[in-house]
Amino acid sequence: MTLELASLSTTIRRFRKIGIIGIPPLDVIRAANDNNLVIHDLDEPLVREDLETASPFLPRVYCAILRTAVVNALHLELDAIYVDTGPGKCDCALHTATILAEALPIPVICTRNMDNTGYGYPLCQAHQPLLDRMQAITAGVKSAAPYDNPPPVSMPTAGFWGVPPRDFSILTLFPETTHIFGWARCMENKTPADHDLEAQFNPLVPTVFFAQSFCAKTALARYLAKKHPHALYLDVDVHTTGSARAKVQAFLELSGVEP
Amino acid sequence: MILGDFGTSYCKFLDLDAPNPEPSIIATKDLPQDTRVDLATGHNGKRFSARYVNELIALARGGEAMIVEDDYVLLDCGSRDIKFIRYQNGKLADMGWNAECGASMGFTIELLERYYDLDYSGLKVPEQTFSVTCGVLGMSDIFDTVISGVPVSEAVARFVKGIAINAYRFAGSPARLYLSGGLCDNPLFVGSFPCQVTPLGRFVLLRGLETEARQRRANTLA
Ligand code: SF4
(Lines give C-alpha, C1' and ligand atoms only; values in the text may rest on other atoms or scores of the structure.)
Protein backbone atom coordinates (compact mmCIF):
# COMPACT_ATOMS: atom_id res chain seq x y z
CA MET A 1 0.00 0.00 0.00
CA THR A 2 1.44 3.39 -0.92
CA LEU A 3 1.67 6.14 1.68
CA GLU A 4 -1.13 8.04 -0.05
CA LEU A 5 -3.41 5.02 -0.01
CA ALA A 6 -2.54 4.34 3.61
CA SER A 7 -3.44 7.87 4.61
CA LEU A 8 -6.66 7.71 2.54
CA SER A 9 -7.59 4.52 4.35
CA THR A 10 -6.78 6.02 7.77
CA THR A 11 -8.86 9.11 7.00
CA ILE A 12 -11.84 7.35 5.52
CA ARG A 13 -12.01 4.83 8.38
CA ARG A 14 -13.10 7.69 10.66
CA PHE A 15 -16.29 8.20 8.64
CA ARG A 16 -19.52 6.23 8.47
CA LYS A 17 -21.52 8.21 5.94
CA ILE A 18 -19.96 10.18 3.09
CA GLY A 19 -21.34 12.18 0.20
CA ILE A 20 -19.75 12.32 -3.24
CA ILE A 21 -20.01 15.02 -5.89
CA GLY A 22 -18.86 13.90 -9.30
CA ILE A 23 -16.85 10.70 -9.44
CA PRO A 24 -13.97 10.54 -6.94
CA PRO A 25 -11.11 8.20 -7.88
CA LEU A 26 -11.67 4.47 -7.51
CA ASP A 27 -9.19 4.39 -4.62
CA VAL A 28 -11.63 6.50 -2.61
CA ILE A 29 -14.63 4.38 -3.55
CA ARG A 30 -12.68 1.17 -2.87
CA ALA A 31 -11.58 2.43 0.56
CA ALA A 32 -15.17 3.43 1.32
CA ASN A 33 -16.45 0.01 0.19
CA ASP A 34 -13.74 -1.78 2.23
CA ASN A 35 -14.78 0.11 5.35
CA ASN A 36 -18.52 -0.44 4.70
CA LEU A 37 -19.23 3.26 4.49
CA VAL A 38 -22.62 4.49 3.32
CA ILE A 39 -22.10 6.55 0.15
CA HIS A 40 -24.62 9.16 -0.96
CA ASP A 41 -24.34 10.39 -4.53
CA LEU A 42 -25.14 14.05 -3.92
CA ASP A 43 -25.55 14.80 -7.64
CA GLU A 44 -28.95 13.10 -7.52
CA PRO A 45 -32.10 14.47 -5.85
CA LEU A 46 -32.07 12.69 -2.46
CA VAL A 47 -34.03 14.92 -0.11
CA ARG A 48 -37.47 16.50 -0.44
CA GLU A 49 -36.30 20.06 0.00
CA ASP A 50 -36.84 23.06 -2.21
CA LEU A 51 -33.94 23.81 -4.55
CA GLU A 52 -34.24 27.36 -3.28
CA THR A 53 -32.45 26.31 -0.09
CA ALA A 54 -29.28 26.25 -2.21
CA SER A 55 -29.73 29.91 -3.21
CA PRO A 56 -27.82 31.47 -0.29
CA PHE A 57 -24.79 29.48 -1.49
CA LEU A 58 -25.09 29.26 -5.27
CA PRO A 59 -26.69 31.61 -7.80
CA ARG A 60 -30.13 30.57 -9.02
CA VAL A 61 -28.75 30.57 -12.55
CA TYR A 62 -26.31 27.71 -11.97
CA CYS A 63 -26.08 24.03 -12.84
CA ALA A 64 -29.14 22.31 -11.32
CA ILE A 65 -27.08 19.21 -10.48
CA LEU A 66 -24.76 21.22 -8.24
CA ARG A 67 -27.64 23.14 -6.69
CA THR A 68 -29.13 19.73 -5.92
CA ALA A 69 -25.80 18.59 -4.44
CA VAL A 70 -25.76 21.61 -2.14
CA VAL A 71 -29.33 20.95 -0.97
CA ASN A 72 -28.38 17.32 -0.24
CA ALA A 73 -25.21 18.35 1.56
CA LEU A 74 -27.16 20.78 3.75
CA HIS A 75 -29.84 18.28 4.72
CA LEU A 76 -28.13 14.90 4.98
CA GLU A 77 -26.09 14.17 8.07
CA LEU A 78 -22.77 13.33 6.53
CA ASP A 79 -19.31 12.83 8.03
CA ALA A 80 -17.44 14.07 4.95
CA ILE A 81 -17.88 14.97 1.30
CA TYR A 82 -15.54 13.96 -1.52
CA VAL A 83 -15.81 16.29 -4.50
CA ASP A 84 -14.07 15.48 -7.72
CA THR A 85 -12.69 18.71 -9.10
CA GLY A 86 -10.41 17.26 -11.75
CA PRO A 87 -10.88 17.20 -15.53
CA GLY A 88 -13.66 14.63 -15.12
CA LYS A 89 -15.95 17.20 -13.53
CA CYS A 90 -15.95 20.98 -13.87
CA ASP A 91 -15.03 24.35 -12.42
CA CYS A 92 -18.59 24.73 -11.17
CA ALA A 93 -17.96 21.76 -8.85
CA LEU A 94 -14.64 23.23 -7.71
CA HIS A 95 -16.32 26.47 -6.67
CA THR A 96 -19.16 24.56 -5.03
CA ALA A 97 -16.58 22.61 -3.00
CA THR A 98 -14.98 25.86 -1.81
CA ILE A 99 -18.36 27.19 -0.72
CA LEU A 100 -19.42 23.96 1.01
CA ALA A 101 -16.09 23.70 2.84
CA GLU A 102 -16.84 27.01 4.51
CA ALA A 103 -20.55 26.42 5.06
CA LEU A 104 -20.38 22.93 6.57
CA PRO A 105 -18.73 21.70 9.77
CA ILE A 106 -17.45 18.51 8.07
CA PRO A 107 -14.40 17.91 5.85
CA VAL A 108 -14.97 18.66 2.18
CA ILE A 109 -12.19 16.84 0.37
CA CYS A 110 -11.31 17.66 -3.23
CA THR A 111 -10.04 14.87 -5.45
CA ARG A 112 -8.67 14.72 -8.97
CA ASN A 113 -9.87 11.59 -10.69
CA MET A 114 -7.43 10.57 -13.44
CA ASP A 115 -8.48 6.88 -13.55
CA ASN A 116 -7.88 5.55 -17.02
CA THR A 117 -8.56 1.83 -16.80
CA GLY A 118 -11.79 1.24 -18.68
CA TYR A 119 -14.39 -1.00 -17.04
CA GLY A 120 -16.43 -1.09 -20.26
CA TYR A 121 -19.87 0.36 -20.89
CA PRO A 122 -22.26 -2.56 -21.42
CA LEU A 123 -25.30 -0.74 -20.02
CA CYS A 124 -24.80 2.08 -22.50
CA GLN A 125 -25.32 -0.38 -25.33
CA ALA A 126 -27.89 -2.75 -23.84
CA HIS A 127 -31.52 -3.26 -24.86
CA GLN A 128 -33.39 -2.08 -21.75
CA PRO A 129 -35.38 1.00 -20.74
CA LEU A 130 -33.07 4.00 -20.93
CA LEU A 131 -34.18 5.30 -17.54
CA ASP A 132 -33.35 1.97 -15.81
CA ARG A 133 -29.95 1.84 -17.43
CA MET A 134 -29.13 5.43 -16.49
CA GLN A 135 -30.17 4.72 -12.91
CA ALA A 136 -27.92 1.66 -12.84
CA ILE A 137 -25.02 3.67 -14.26
CA THR A 138 -25.35 6.41 -11.66
CA ALA A 139 -25.77 3.84 -8.87
CA GLY A 140 -22.56 2.22 -10.14
CA VAL A 141 -20.40 5.13 -8.97
CA LYS A 142 -20.75 3.87 -5.39
CA SER A 143 -19.00 0.60 -6.16
CA ALA A 144 -15.50 -0.27 -7.33
CA ALA A 145 -16.42 -3.85 -8.26
CA PRO A 146 -16.00 -4.94 -11.89
CA TYR A 147 -19.15 -5.68 -13.91
CA ASP A 148 -20.49 -9.24 -13.83
CA ASN A 149 -22.58 -10.76 -16.60
CA PRO A 150 -22.76 -7.74 -18.88
CA PRO A 151 -25.92 -7.65 -21.02
CA PRO A 152 -25.46 -8.19 -24.77
CA VAL A 153 -24.91 -5.25 -27.10
CA SER A 154 -28.12 -4.17 -28.88
CA MET A 155 -28.58 -2.80 -32.37
CA PRO A 156 -29.01 0.94 -31.77
CA THR A 157 -31.95 2.90 -33.19
CA ALA A 158 -31.29 6.19 -31.37
CA GLY A 159 -28.62 7.90 -29.29
CA PHE A 160 -28.57 9.88 -26.08
CA TRP A 161 -25.39 11.88 -25.58
CA GLY A 162 -24.68 13.72 -22.34
CA VAL A 163 -24.57 13.63 -18.58
CA PRO A 164 -27.22 11.85 -16.52
CA PRO A 165 -29.88 14.59 -16.44
CA ARG A 166 -31.12 16.24 -13.25
CA ASP A 167 -34.62 15.17 -14.28
CA PHE A 168 -34.60 11.58 -15.51
CA SER A 169 -38.19 11.78 -16.83
CA ILE A 170 -36.86 12.87 -20.22
CA LEU A 171 -35.30 9.42 -20.62
CA THR A 172 -38.72 7.74 -20.77
CA LEU A 173 -39.25 9.23 -24.23
CA PHE A 174 -36.49 7.14 -25.81
CA PRO A 175 -36.75 3.59 -27.14
CA GLU A 176 -35.05 0.75 -25.27
CA THR A 177 -32.54 0.42 -28.09
CA THR A 178 -31.08 3.88 -27.42
CA HIS A 179 -27.33 3.84 -26.95
CA ILE A 180 -25.81 6.14 -24.35
CA PHE A 181 -22.83 8.37 -25.20
CA GLY A 182 -20.99 11.29 -23.66
CA TRP A 183 -20.06 11.67 -20.02
CA ALA A 184 -22.63 9.08 -18.92
CA ARG A 185 -20.64 6.54 -20.94
CA CYS A 186 -17.39 7.70 -19.29
CA MET A 187 -19.17 7.29 -15.98
CA GLU A 188 -20.00 3.64 -16.62
CA ASN A 189 -16.48 3.09 -17.93
CA LYS A 190 -15.15 4.63 -14.70
CA THR A 191 -12.96 7.05 -16.67
CA PRO A 192 -14.75 10.36 -16.14
CA ALA A 193 -11.85 12.41 -17.49
CA ASP A 194 -11.66 10.54 -20.81
CA HIS A 195 -12.53 13.42 -23.11
CA ASP A 196 -12.00 11.33 -26.25
CA LEU A 197 -14.56 8.80 -25.13
CA GLU A 198 -16.88 11.62 -24.12
CA ALA A 199 -16.76 13.12 -27.63
CA GLN A 200 -17.73 9.88 -29.39
CA PHE A 201 -21.12 9.42 -31.08
CA ASN A 202 -22.73 7.15 -33.65
CA PRO A 203 -23.47 9.12 -36.85
CA LEU A 204 -25.78 6.37 -38.08
CA VAL A 205 -28.52 6.86 -35.48
CA PRO A 206 -30.56 10.01 -34.68
CA THR A 207 -29.05 11.39 -31.49
CA VAL A 208 -30.14 13.86 -28.85
CA PHE A 209 -27.18 15.86 -27.53
CA PHE A 210 -28.18 16.80 -24.04
CA ALA A 211 -26.56 19.10 -21.49
CA GLN A 212 -27.68 20.70 -18.28
CA SER A 213 -28.42 24.40 -18.74
CA PHE A 214 -25.55 26.63 -17.51
CA CYS A 215 -23.00 23.80 -17.85
CA ALA A 216 -19.86 24.23 -19.96
CA LYS A 217 -20.78 20.98 -21.71
CA THR A 218 -23.55 22.87 -23.54
CA ALA A 219 -20.79 24.07 -25.89
CA LEU A 220 -19.56 20.52 -26.54
CA ALA A 221 -23.11 19.20 -26.94
CA ARG A 222 -23.98 21.85 -29.50
CA TYR A 223 -20.67 21.48 -31.32
CA LEU A 224 -21.07 17.71 -31.62
CA ALA A 225 -24.74 18.07 -32.61
CA LYS A 226 -23.62 20.26 -35.52
CA LYS A 227 -21.13 17.60 -36.61
CA HIS A 228 -23.66 14.78 -36.33
CA PRO A 229 -25.75 14.32 -39.50
CA HIS A 230 -29.00 13.81 -37.60
CA ALA A 231 -29.04 15.45 -34.21
CA LEU A 232 -31.05 17.50 -31.78
CA TYR A 233 -29.28 19.73 -29.29
CA LEU A 234 -31.13 20.19 -26.03
CA ASP A 235 -30.39 21.84 -22.73
CA VAL A 236 -32.66 21.49 -19.75
CA ASP A 237 -32.47 23.09 -16.32
CA VAL A 238 -34.21 21.68 -13.22
CA HIS A 239 -37.25 20.04 -14.80
CA THR A 240 -37.96 18.83 -18.31
CA THR A 241 -40.27 21.49 -19.73
CA GLY A 242 -43.21 20.64 -21.98
CA SER A 243 -41.41 22.11 -24.97
CA ALA A 244 -38.26 20.05 -24.27
CA ARG A 245 -40.37 16.86 -24.09
CA ALA A 246 -42.18 17.84 -27.28
CA LYS A 247 -38.88 18.49 -29.07
CA VAL A 248 -37.53 15.05 -28.17
CA GLN A 249 -40.79 13.32 -29.08
CA ALA A 250 -41.04 15.15 -32.38
CA PHE A 251 -37.36 14.60 -33.19
CA LEU A 252 -37.60 10.85 -32.62
CA GLU A 253 -40.94 10.42 -34.37
CA LEU A 254 -40.05 12.58 -37.37
CA SER A 255 -36.71 10.78 -37.65
CA GLY A 256 -38.60 7.51 -38.01
CA VAL A 257 -37.42 6.06 -34.69
CA GLU A 258 -39.86 3.41 -33.49
CA PRO A 259 -41.00 3.90 -29.86
CA MET B 1 -63.79 12.98 -37.13
CA ILE B 2 -63.27 16.41 -35.57
CA LEU B 3 -59.80 17.88 -35.31
CA GLY B 4 -58.86 20.77 -33.06
CA ASP B 5 -55.84 23.05 -32.77
CA PHE B 6 -56.17 24.64 -29.33
CA GLY B 7 -53.98 27.73 -29.24
CA THR B 8 -53.52 30.29 -26.50
CA SER B 9 -55.60 32.95 -28.25
CA TYR B 10 -57.54 31.05 -30.94
CA CYS B 11 -58.82 27.53 -31.49
CA LYS B 12 -59.24 26.10 -34.95
CA PHE B 13 -61.39 23.14 -35.95
CA LEU B 14 -61.89 20.88 -38.93
CA ASP B 15 -64.61 18.26 -39.33
CA LEU B 16 -63.25 15.62 -41.68
CA ASP B 17 -66.70 14.04 -42.08
CA ALA B 18 -68.32 17.25 -43.34
CA PRO B 19 -69.11 17.24 -47.13
CA ASN B 20 -66.54 19.97 -47.89
CA PRO B 21 -64.37 20.26 -44.80
CA GLU B 22 -63.53 23.91 -44.09
CA PRO B 23 -61.65 25.08 -41.00
CA SER B 24 -63.46 27.20 -38.44
CA ILE B 25 -61.98 29.44 -35.79
CA ILE B 26 -63.06 30.68 -32.37
CA ALA B 27 -61.36 32.87 -29.74
CA THR B 28 -60.04 30.64 -26.94
CA LYS B 29 -61.76 32.76 -24.32
CA ASP B 30 -65.14 31.97 -25.96
CA LEU B 31 -64.53 28.21 -26.18
CA PRO B 32 -67.19 26.14 -24.39
CA GLN B 33 -65.46 24.14 -21.65
CA ASP B 34 -67.27 20.93 -22.65
CA THR B 35 -65.76 21.00 -26.18
CA ARG B 36 -64.44 17.58 -27.24
CA VAL B 37 -62.57 16.59 -30.41
CA ASP B 38 -61.21 13.31 -31.75
CA LEU B 39 -57.66 14.48 -32.30
CA ALA B 40 -56.07 17.59 -30.83
CA THR B 41 -52.90 19.63 -30.93
CA GLY B 42 -51.86 22.97 -29.47
CA HIS B 43 -51.00 24.42 -26.12
CA ASN B 44 -54.38 23.58 -24.55
CA GLY B 45 -55.15 20.51 -26.64
CA LYS B 46 -54.75 17.77 -24.03
CA ARG B 47 -57.74 19.10 -22.08
CA PHE B 48 -60.15 18.59 -24.97
CA SER B 49 -59.27 15.21 -26.44
CA ALA B 50 -58.07 11.79 -25.44
CA ARG B 51 -55.77 11.75 -28.44
CA TYR B 52 -53.09 14.41 -28.77
CA VAL B 53 -50.41 15.19 -31.34
CA ASN B 54 -47.59 17.41 -30.18
CA GLU B 55 -47.37 20.80 -31.86
CA LEU B 56 -44.00 20.28 -33.51
CA ILE B 57 -45.18 17.05 -35.10
CA ALA B 58 -48.39 18.74 -36.27
CA LEU B 59 -46.34 21.61 -37.71
CA ALA B 60 -43.95 19.24 -39.48
CA ARG B 61 -46.78 17.14 -40.92
CA GLY B 62 -48.54 20.33 -42.02
CA GLY B 63 -45.36 21.45 -43.76
CA GLU B 64 -45.00 18.08 -45.47
CA ALA B 65 -48.58 18.39 -46.76
CA MET B 66 -48.41 22.01 -47.93
CA ILE B 67 -44.84 22.53 -49.18
CA VAL B 68 -43.62 20.83 -52.31
CA GLU B 69 -39.89 21.45 -51.97
CA ASP B 70 -37.53 19.07 -50.19
CA ASP B 71 -35.45 21.81 -48.53
CA TYR B 72 -37.25 24.44 -46.51
CA VAL B 73 -37.68 26.21 -43.19
CA LEU B 74 -41.18 26.48 -41.74
CA LEU B 75 -41.61 28.93 -38.88
CA ASP B 76 -44.72 29.08 -36.73
CA CYS B 77 -45.29 32.26 -34.75
CA GLY B 78 -48.00 31.72 -32.21
CA SER B 79 -49.40 33.84 -29.43
CA ARG B 80 -47.07 32.59 -26.76
CA ASP B 81 -44.21 30.82 -28.52
CA ILE B 82 -42.30 30.37 -31.75
CA LYS B 83 -41.23 27.11 -33.30
CA PHE B 84 -39.61 26.01 -36.51
CA ILE B 85 -38.66 22.94 -38.45
CA ARG B 86 -36.04 22.70 -41.16
CA TYR B 87 -36.20 19.99 -43.78
CA GLN B 88 -33.32 18.98 -45.98
CA ASN B 89 -33.64 16.42 -48.75
CA GLY B 90 -37.20 15.81 -47.58
CA LYS B 91 -36.08 14.88 -44.07
CA LEU B 92 -36.08 16.65 -40.74
CA ALA B 93 -32.72 18.41 -40.29
CA ASP B 94 -33.32 20.80 -37.40
CA MET B 95 -36.06 22.11 -35.17
CA GLY B 96 -36.61 24.50 -32.33
CA TRP B 97 -39.33 25.54 -29.93
CA ASN B 98 -38.91 28.66 -27.93
CA ALA B 99 -41.60 28.92 -25.29
CA GLU B 100 -39.43 30.86 -22.86
CA CYS B 101 -37.51 33.63 -24.64
CA GLY B 102 -40.07 33.83 -27.46
CA ALA B 103 -42.76 34.22 -24.85
CA SER B 104 -45.91 36.13 -25.61
CA MET B 105 -44.66 37.86 -28.76
CA GLY B 106 -47.75 37.19 -30.87
CA PHE B 107 -49.97 37.94 -27.93
CA THR B 108 -48.25 41.28 -27.35
CA ILE B 109 -48.57 42.30 -31.01
CA GLU B 110 -52.32 41.79 -30.85
CA LEU B 111 -52.59 43.47 -27.48
CA LEU B 112 -50.78 46.59 -28.76
CA GLU B 113 -53.01 46.82 -31.81
CA ARG B 114 -56.08 47.00 -29.60
CA TYR B 115 -54.55 49.15 -26.88
CA TYR B 116 -53.30 51.83 -29.27
CA ASP B 117 -56.17 51.33 -31.75
CA LEU B 118 -53.77 50.69 -34.64
CA ASP B 119 -54.30 49.08 -38.03
CA TYR B 120 -51.21 47.06 -38.96
CA SER B 121 -52.15 47.00 -42.62
CA GLY B 122 -51.61 50.78 -42.71
CA LEU B 123 -48.16 50.76 -41.03
CA LYS B 124 -44.94 50.89 -43.04
CA VAL B 125 -41.99 48.66 -42.18
CA PRO B 126 -39.69 51.02 -40.22
CA GLU B 127 -36.00 51.60 -40.86
CA GLN B 128 -35.13 51.09 -37.22
CA THR B 129 -35.89 48.21 -34.95
CA PHE B 130 -35.77 47.22 -31.29
CA SER B 131 -33.67 44.34 -30.14
CA VAL B 132 -36.59 42.29 -28.85
CA THR B 133 -36.21 38.85 -27.28
CA CYS B 134 -39.49 38.70 -25.41
CA GLY B 135 -42.88 40.34 -25.77
CA VAL B 136 -43.01 41.55 -22.21
CA LEU B 137 -39.51 43.07 -22.19
CA GLY B 138 -40.11 44.68 -25.59
CA MET B 139 -43.05 46.65 -24.20
CA SER B 140 -40.80 48.81 -22.04
CA ASP B 141 -38.81 49.74 -25.19
CA ILE B 142 -42.05 50.99 -26.72
CA PHE B 143 -42.91 53.11 -23.70
CA ASP B 144 -39.40 54.58 -23.51
CA THR B 145 -39.42 55.41 -27.23
CA VAL B 146 -42.85 57.02 -27.07
CA ILE B 147 -41.73 59.13 -24.10
CA SER B 148 -38.74 60.29 -26.17
CA GLY B 149 -41.15 61.78 -28.75
CA VAL B 150 -41.42 59.01 -31.39
CA PRO B 151 -45.04 58.48 -32.60
CA VAL B 152 -46.78 55.43 -31.12
CA SER B 153 -47.31 53.82 -34.53
CA GLU B 154 -43.57 54.08 -35.31
CA ALA B 155 -42.59 52.67 -31.90
CA VAL B 156 -44.95 49.72 -32.25
CA ALA B 157 -43.75 49.09 -35.81
CA ARG B 158 -40.13 48.96 -34.55
CA PHE B 159 -41.24 46.47 -31.93
CA VAL B 160 -43.00 44.28 -34.51
CA LYS B 161 -39.93 44.39 -36.74
CA GLY B 162 -37.76 43.41 -33.76
CA ILE B 163 -39.97 40.40 -33.14
CA ALA B 164 -39.80 39.35 -36.79
CA ILE B 165 -36.00 39.61 -36.79
CA ASN B 166 -35.75 37.66 -33.56
CA ALA B 167 -37.96 34.89 -34.98
CA TYR B 168 -35.94 34.88 -38.20
CA ARG B 169 -32.67 34.43 -36.26
CA PHE B 170 -34.24 31.72 -34.13
CA ALA B 171 -35.11 29.84 -37.32
CA GLY B 172 -31.45 29.93 -38.38
CA SER B 173 -31.51 33.08 -40.58
CA PRO B 174 -32.61 31.33 -43.79
CA ALA B 175 -32.72 33.12 -47.16
CA ARG B 176 -36.33 32.03 -47.48
CA LEU B 177 -38.94 30.76 -45.08
CA TYR B 178 -42.52 29.61 -44.91
CA LEU B 179 -44.56 31.27 -42.20
CA SER B 180 -47.38 29.68 -40.22
CA GLY B 181 -49.80 31.20 -37.72
CA GLY B 182 -52.20 34.09 -37.32
CA LEU B 183 -49.41 36.63 -37.88
CA CYS B 184 -49.41 35.63 -41.57
CA ASP B 185 -52.34 38.09 -41.85
CA ASN B 186 -50.25 40.94 -40.44
CA PRO B 187 -48.53 42.65 -43.41
CA LEU B 188 -46.25 44.69 -41.16
CA PHE B 189 -44.96 41.54 -39.49
CA VAL B 190 -44.56 39.60 -42.74
CA GLY B 191 -42.82 42.56 -44.38
CA SER B 192 -40.43 42.97 -41.48
CA PHE B 193 -38.53 39.74 -42.12
CA PRO B 194 -35.14 40.34 -43.72
CA CYS B 195 -35.69 37.40 -46.07
CA GLN B 196 -38.24 36.07 -48.54
CA VAL B 197 -41.41 34.95 -46.74
CA THR B 198 -44.22 32.73 -47.98
CA PRO B 199 -47.20 32.94 -45.59
CA LEU B 200 -49.14 29.67 -45.30
CA GLY B 201 -51.84 30.96 -42.97
CA ARG B 202 -53.09 29.91 -39.57
CA PHE B 203 -54.28 26.40 -40.40
CA VAL B 204 -50.92 24.64 -40.96
CA LEU B 205 -51.12 22.67 -37.69
CA LEU B 206 -54.68 21.67 -38.54
CA ARG B 207 -53.46 20.39 -41.91
CA GLY B 208 -50.78 18.44 -40.08
CA LEU B 209 -53.42 17.00 -37.80
CA GLU B 210 -55.45 16.02 -40.86
CA THR B 211 -52.45 14.14 -42.25
CA GLU B 212 -51.96 12.36 -38.91
CA ALA B 213 -55.67 11.51 -38.69
CA ARG B 214 -55.76 10.04 -42.19
CA GLN B 215 -52.57 8.11 -41.47
CA ARG B 216 -54.03 6.70 -38.25
CA ARG B 217 -57.26 5.77 -40.07
CA ALA B 218 -55.26 4.00 -42.77
CA ASN B 219 -53.24 2.13 -40.11
CA THR B 220 -56.44 1.05 -38.34
CA LEU B 221 -57.96 -0.24 -41.58
CA ALA B 222 -54.78 -2.01 -42.68
S1 SF4 C 1 -23.73 19.15 -15.48
FE2 SF4 C 1 -21.92 20.36 -16.05
S3 SF4 C 1 -21.82 22.08 -14.60
FE4 SF4 C 1 -23.21 20.52 -13.76
S5 SF4 C 1 -21.92 19.29 -12.44
FE6 SF4 C 1 -21.96 18.26 -14.43
S7 SF4 C 1 -20.19 19.07 -15.52
FE8 SF4 C 1 -20.54 20.44 -13.78
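## Exercises on a predicted two-chain model

Strand 8 (residues 176-180) and strand 9 of chain B pair in the parallel sense, with four bridges between them. The model is predicted. Work through the exercises below.

**Exercise 1.** Place strand 9 of chain B in its sheet, and find which strands stand at the edges.

*Solution.*
- Step 1. Start from one residue pair: B:R176 has B:Q196 as its bridge partner in strand 9 of chain B.
- Step 2. Write the order. The open sheet of chain B has five strands, arranged 7-6-5-8-9, with mixed pairing.
- Step 3. Read off the ends. Strand 7 and strand 9 (196-199) of chain B each have a single partner strand, so one side of each lacks a neighbour in the sheet.
- Step 4. Add the twist. Neighbouring strands of this sheet are turned by 20° against each other on average, direction ignored.

**Exercise 2.** Classify B:D94: buried, partly exposed or exposed?

*Solution.*
- Step 1. Locate the residue. B:D94 sits in strand 7 (residues 91-98) of chain B.
- Step 2. Apply the cut-offs. Buried means under 20% relative accessible area and exposed means over 50%.
- Step 3. Compare. B:D94 has 30% relative accessibility, so B:D94 is partly exposed.
- Step 4. Set the chain beside it. Buried residues account for 53% of the 222 residues in chain B.
- Step 5. Check a distance. B:D94 and B:A58 are 36 residues apart along the chain, and their C-alpha atoms are 15 Å apart.

**Exercise 3.** Judge how compact chain B is.

*Solution.*
- Step 1. Count the elements: chain B has six helices and nine strands.
- Step 2. Compare radii. The radius of gyration of chain B is 18 Å, and the globule rule gives 17 Å for 222 residues; the two are close, so chain B is as compact as a globular protein of that length.
- Step 3. Note the box. Along the principal axes, the C-alpha atoms of chain B fill roughly 65 × 45 × 30 Å.

**Exercise 4.** Describe the open sheet of chain A with the order 2-1-3-4.

*Solution.*
- Step 1. Four strands form this sheet, and the pairing is parallel.
- Step 2. Strand 2 (38-41) and strand 4 (108-111) of chain A are the edges; each has a single partner strand, so one side of each has no neighbour in the sheet.
- Step 3. Neighbouring strands are turned by 25° on average, direction ignored.
- Step 4. Take one pair. Strand 3 (residues 80-84) and strand 4 of chain A share four bridges, and A:D84 stands opposite A:T111.

**Exercise 5.** Explain why the ligand lies between two domains of chain A.

*Solution.*
- Step 1. List the shell. Residues around the ligand include A:C63, A:K89, A:Q212 and A:K217.
- Step 2. Sort by class: five nonpolar, one polar and two charged.
- Step 3. Conclude. Domain 1 (3-111) and domain 2 (123-254) of chain A both give residues to the shell, so the ligand lies between them.

Definitions and conventions. Residues numbered from 1 in each chain as written. Chains lettered and ligands numbered in written order. Predicted model: local features only at pLDDT ≥ 70, side-chain atom pairs only at ≥ 80, totals over all residues. Heavy atoms only, no water. Near = heavy atom within 4 Å. Nonpolar A, V, L, I, M, F, W, Y, C, P; charged D, E, K, R; others polar. Domains from an automatic or database assignment. Pairing = 2+ DSSP bridges. Helix = DSSP H or I, 4+ residues; strand = E, 2+ residues; numbered from the N terminus. Axes fitted to C-alpha atoms, helices over the stretch in contact; angles between N-to-C directions. Rg over C-alpha atoms; globule rule 2.2 N^0.38 Å. Buried < 20%, exposed > 50% of the residue type's maximum accessible area, 1.4 Å probe, protein only.
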